[in-house]
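Here is a short report on one protein chain. Look at the sequence and the model first, then read on.

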Amino acid sequence: MKPSILLTGASGFIGKPLYRALIAKGYRVYKLRCRLQDHDFVEADCKGMTIVIHCAAEIKRRHLMDSTNILGTMNLFFAADRMGVETFVHIGTASTRNTTYTRTKREAERIVTTYPTKMKVIVVRPPTLYGGKRGPKWLQGLKLLLMGRPMRLQSREQCVAEILQAAGL
């Protein structure tokens, strides 16, 4: 039997295609039914889950980023730990820009990777993504992307960025 998965942010840019892909592969996927700050409800949603995949994040309203991206992640992480979840997957950010969003996502990542837990903790830092209504329009015209291949922006020494279509994750 496939594991039961609790997915946060299932209606978002990464969560929506991930939800569809997991369902298509036969996983039992449950969407978080409340806000990340609702302690009792988050804990109830974690009960009986094998895996929690945390995609939810506040990306626009800076005044809510600390309470959602840091405190909400902490609430979910601690609830998952108390409820015996085996694996916690945190979707972080690969961004190095000095923004409130990046700061809050990095702090949440620091918390989930340093707190002592029996859970297996996995952090995924997606590359720059495009797709749907939110994607930069110029990316849609690039030949590599139209062919469904990743596009890498490189310096001579290292990969600077990898750009993938969100639905292809």
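## A phenylalanine to start with

Is F77 buried or exposed? F77 is buried, because its relative accessibility is 0%. Keep in mind that this is a predicted model.

## Aromatic pairs

The model holds four aromatic pairs. In one of them, F77 meets Y115 edge-to-face. Their ring centres are 5.9 Å apart, and the planes make an angle of 85°. This pair links distant parts of the chain. F77 belongs to helix α3, which spans residues 62–82. Y115 sits in the loop between α4 (100–114) and β5 (120–124). The two residues are 38 residues apart.

What about the surroundings of Y115? Y115 counts as partly exposed because its relative accessible area is 35%, a value that falls between the 20% limit for buried and the 50% limit for exposed.

Y115 also pairs with F78. Here the rings are tilted, with 4.7 Å from centre to centre and 55° between the planes. Again the pair joins distant parts of the chain: F78 is in helix α3, Y115 is in the loop between α4 and β5, and 37 residues separate them. F78 has a relative accessible area of 22%, so F78 is partly exposed.

Which residues do the ring pairs link into a cluster? They are F77, F78, F88 and Y115.

## Charges over rings

Two lysines deserve a look. K2 places its charged end over the ring of Y27, at 4.5 Å from the ring centre. K31 lies over the face of Y19, and the distance to that ring centre is 4.5 Å.

## Strand β1 and its partners

Now turn to strand β1, residues 4–8. How many of its five residues are buried? Five of the five are, so the strand is largely enclosed by the rest of the structure. Both faces are covered. S4, L6 and T8 are buried on one side, and I5 and L7 are buried on the other.

β1 pairs with strand β2 (residues 28–31) in the parallel sense. Four bridges connect them. S4 has R28 as its bridge partner in β2. Helix α1 (residues 15–24) joins the picture too: β1, α1 and β2 make a right-handed β-α-β unit.

β1 also runs parallel to strand β3 (residues 51–54). Four bridges join these two strands. Opposite L7 stands I53 of β3. L7 itself is one of the buried residues of β1.

Notes
Residues numbered from 1 in each chain as written. Predicted model: local features only at pLDDT ≥ 70, side-chain atom pairs only at ≥ 80, totals over all residues. Heavy atoms only, no water. Phe/Tyr/Trp six-rings, centres within 6.5 Å; stacked < 30°, edge-to-face > 60°. Buried < 20%, exposed > 50% of the residue type's maximum accessible area, 1.4 Å probe, protein only. Lys NZ or Arg CZ within 6 Å of the ring centre and 35° of its normal. Pairing = 2+ DSSP bridges. Right-handed = clockwise from strand over helix to strand, strands pointing away.
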